[in-house]
Structure formats: structure tokens, C-alpha cells
Amino acid sequence: MSNRGNCRDAKHAGAWYSASGAQLNAQLEGWLSHAHSSFRPARAIIAPHAGYTYCGACAAHAYKQVDPSVTRRVFILGPSHHVALSRCALSPAEVYKTPLYDLRIDQKVYAELGKTGMFDRMTQKTDLEEHSIEMHLPYTAKAMESRRDDFTIVPVLVGALSESKEQEYGRLFSKYLADPTNLFVISSDFCHWGQRFNYTYYDDAQGEIYRSIEHLDKMGMRIIESLDPILFTNYLKKYRNTICGRHPIGVLLNAVAELRKNDIDMSFTFLNYAQSSECRSMDDSSVSYAAGALVVH
């Protein structure tokens with residue numbers, strides 16, 4: 001499979017996660033063994049995209065909810081970190097490599113999305129440098145390993161969308177979210193706190209800085225669990241929380257809102273929360289991580 005078509009290499013392997021398939025497999029199995037599959041089958045998950053040393057254990061709680069016996073296609077929506085993008089973009093590749101095995105991009109769905117005129121194409125350089133999608137590939141490969149030849153992926157780079165564009169993309173993706181054979185992976189870290197991130201919001205009523213950060217994040221997480229895209233947008237406007245995947249999350253919430261108009265009953269539950277370190281002074285910094293799952297009842 002690795003010789004078919006245009007392949008994107010696993011650029012961050014060996015730095016952000018192990019380049020050894022055997023070592024990576026053992027790490028993923030270890031993290032997954034400590035998570036519970038209480039919300040399967042997930043129709044969508046939110047999980048972080050940092051180095052696995054920092055967020056691998058947290059992400060496992062989301063990926064444990066993936067049911068490979070149901071899933072045939074995995075949409076991965078990740079934010080753009082390196083290029084200014086006001087729309088969404090598709091990969092120029094046909095295959096994404098991982099140290100475990102290669103993942104095939106669904107060219108049929110890519111053609112359907114392309115026909116809408118709503119998608120740009122990433123350059124190979126942009127695709128290679130962006131980590132927000134790549135960091136979900138090993139976990140996707142691991143979660144789906146029992147069906148490794150029977151599923152495809154649909155990577156989508158999400159730009160800095162306006163509210164109206166989040167609604168438009170939400171409507172577009174809602175028909176795919178309605179299909180129980182599709183899984184949506186929403187790539188996002190939570191608060192990036194510290195002077196190096198130009199964000200030092202602190203509510204001293206919460207005690208230590210890291211407690212304030214947790215309180216702020218969990219406020220946003222509760223709003224996401226309410227599945228209300230307007231409340232989430234208002235929360236971001238008020239607190240400016242540096243949730244890097246806010247636009248992919250916004251697209252998901254708008255897709256859910258579209259389906260709920262047709263009385264499709266869904267719920268979202270966060271299963272884990274973590275911070276890279278505990279900030280206690282204004283000289284400290286941290287990134288927060290959260291993992292959760294959307295299920296249809």
C-alpha cells in the first residue's frame with residue numbers, strides 16, 4: 001500500500017511519538033489498557049494533538065470509544081497551525097504513512113467534498129508540516145487495526161472560520177455525521193497558558209493558577225457537552241480561551257445542531273482532562289488536554 005499514489009510521510013515520528021512500530025504499538029496498548037470503553041460506539045471524539053509524552057494517556061480515553069466493527073471511514077478535522085486559511089483544505093496525498101501501517105485517504109469522499117467548491121488543496125509542504133492531523137493517525141491505526149484493510153480516512157485541515165462558515169461546514173458534514181459507519185475525530189488541545197502564548201487569564205478566586213486554568217477549561221467543556229454552538233462561540237468571545245481546535249469543534253457542534261433538528265438524539269461526554277504542567281507563577285506555562293466522545297442514542 002505504501003507504494004501506491006502520493007504518500008505523506010510520518011514527519012513527526014521520532015520526535016513527537018516513536019518511529020518504532022513495535023514501541024509505538026506497546027505505548028498505545030498501555031495507554032488504552034487504562035481507559036474504559038463506556039461510550040461505544042462513538043460517532044465523534046475530541047482528542048489532543050500534542051506529543052504523546054504529554055497527551056498520549058489522555059487521548060486513549062477518547063480512542064477507547066471507537067468501535068472498529070462499526071466504523072468504515074474516519075474523518076479527521078484538525079486546525080491549521082502554520083498557514084493562514086479562511087476555509088477548509090484537503091490533502092494532496094492518497095496515503096498517509098504511520099509507523100504501524102499506512103492509511104488510505106477516501107478519494108470518493110474527497111471528490112464529493114471537492115465538488116462543493118468549499119475546499120482548498122493543501123500544498124505538500126503544508127500537509128507535511130501540520131501536526132494536528134498526523135498526531136491522530138497512529139491512534140486511528142491502532143483503534144482500527146482489526147479492520148486495517150476495510151476503512152479509509154478523510155483528513156480535513158480547518159482554517160480560522162467565521163461563525164457563518166462554521167455553520168456552513170457543519171451543515172455539509174452533518175450528512176456524513178448521520179452515517180453510523182463514519183467516525184469524526186476532532187483534533188484539539190485546550191488552554192495554552194503563559195506569556196509565551198500571550199494568554200495569562202487568571203481568576204484568583206480559584207486558588208493556584210493551574211486551578212484557574214482547569215476551571216476555565218471545564219467551563220468550556222461543559223458548554224461543548226451541551227452541544228450548543230452559539231454558547232461555545234460566546235464563551236470563546238468572553239474568555240478568549242486559547243483552544244486551538246475551536247473551529248473544528250465549532251464545525252462539529254454545528255453538524256450536531258443540524259441533526260438535532262431532525263430529532264436525532266446525541267450526547268457528548270468528556271472522559272479525561274490533563275495539563276502538561278501545573279502553573280503556579282506568571283513565569284510558568286502549560287497546555288491543557290481533554291478527551292471525550294459523542295454518541296447517538
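**Entry 1: the small sheet**

I began with C7 and looked up who sits across from it: V95 in β5 is its bridge partner. Before going on, a reminder to myself that this is a predicted model. Then I checked how the two strands run. β1 and β5 (residues 95-96) pair in the parallel sense, over two bridges. I wanted the rest of that sheet too. It is an open sheet of three strands, in the order β1-β5-β6, and its pairing is mixed. Which strands stand at the edges? I find β1 (7-8) and β6 (103-104) there, each with a single partner strand, so one side of each is left without a neighbour in the sheet.

**Entry 2: β3 and its partners**

Next I went to β3, residues 73-79. I asked how many of its residues are buried. The answer is seven of seven, so I noted the strand as mostly covered, with under 20% relative accessible area as the cut-off for buried. I also sorted the side chains by direction. R73, F75, L77 and P79 point one way, V74, I76 and G78 point the other way, and all are buried.

For partners, I found β8 (residues 152-158), which pairs with β3 in the parallel sense over seven bridges. I also found β9 (residues 182-187), which runs parallel to β3 and is joined to it by five bridges. V74 is a handy marker here: its bridge partner in β8 is I153, and its bridge partner in β9 is L183.

**Entry 3: the core**

I looked up which residues touch the most other members of the largest nonpolar core. They are F119, F173 and L177, in a core of 95 residues. I followed F173 further. Leaving out residues up to four places away in sequence, F173 touches F75, L77, L113, F119, V156, F184, V251 and A255. F75 and L77 are familiar from β3, where they point one way along with R73 and P79.

**Entry 4: S188**

I found S188 in the loop between β9 and β10. Buried or exposed? S188 counts as buried, at 0% relative accessibility. I then checked its distance to L77: 111 residues apart in sequence, but 9.1 Å apart in space, C-alpha to C-alpha. Setting aside residues up to four places away in sequence, S188 touches A47, P48, H49, I243, C244, G245, R246 and I249. With G245 there is a polar contact to note: the side chain of S188 reaches the backbone nitrogen of G245 at 3.0 Å.

**Entry 5: cysteines**

C244 turned up next to S188 as a contact, which sent me to the sulfurs. I find zero disulfides in the structure. Why is C244 not bonded to C55? C55 holds the closest cysteine sulfur, but that sulfur is 10 Å from the one in C244, too far for a bond. C244 counts as buried, at 15% relative accessibility. C279 is in no disulfide either; its nearest cysteine sulfur, that of C191, is 8.4 Å away. I have C279 down as buried, with a relative accessible area of 0%.

**Entry 6: D127**

D127 is in helix α4, residues 124-129. I was curious whether this acidic side chain is buried or exposed. At 4% relative accessibility, D127 counts as buried. I checked what its side chain meets and found a polar contact with the side chain of S91, at 2.6 Å. Leaving aside neighbours within four places in sequence, the contacts of D127 are R8, S91, P92, A93, Y96 and M122.

**Entry 7: α7 and Y202**

Last stop, helix α7, residues 209-225. I get 17 residues and a reach of 24 Å from first C-alpha to last, close to the 24 Å expected. Its buried residues include I209, Y210, S212, I213 and L216. I looked up what covers the buried residues of α7, and found among them α8 (229-239), α9 (246-260), β11 (266-275) and β12 (286-296). Just after the helix, L227 takes a positive phi of about 60 degrees.

Ahead of α7, Y202 is in the loop between β10 and α7. I noted Y202 as partly exposed, with a relative accessible area of 35%. Y202 and S212 are 10 residues apart in sequence and 6.0 Å apart in space, C-alpha to C-alpha. Not counting residues up to four places away in sequence, Y202 touches G207, E208, I209, S212 and M282. The side chain of Y202 also reaches the backbone oxygen of G207, at 2.5 Å.

Technical notes
Residues are numbered from 1 along each chain as its sequence is written. This is a predicted model: local features need pLDDT of at least 70, side-chain atom pairs count only at pLDDT 80 or more; totals for chains, interfaces and linings use all residues. Side-chain values use heavy atoms; hydrogens and water are left out. Helices (H or I, at least four residues) and strands (E, at least two) are DSSP runs, numbered from the N terminus. The expected span of a helix is 1.5 Å times one less than its number of residues. Buried means under 20% relative accessible area, exposed over 50%, partly exposed in between (1.4 Å probe, protein chains only). Contact means heavy atoms within 4.5 Å. Two strands pair if DSSP finds at least two bridges between them. A disulfide is a pair of cysteine sulfur atoms within 2.5 Å. A nonpolar core is a set of buried Ala, Val, Leu, Ile, Met, Phe, Trp, Tyr and Cys residues joined through side-chain atoms within 4.5 Å. A polar contact is a pair of N or O atoms within 3.5 Å; within protein, one must be able to donate a hydrogen and the other to accept it, and residues adjacent in sequence count only if both atoms are side-chain atoms.
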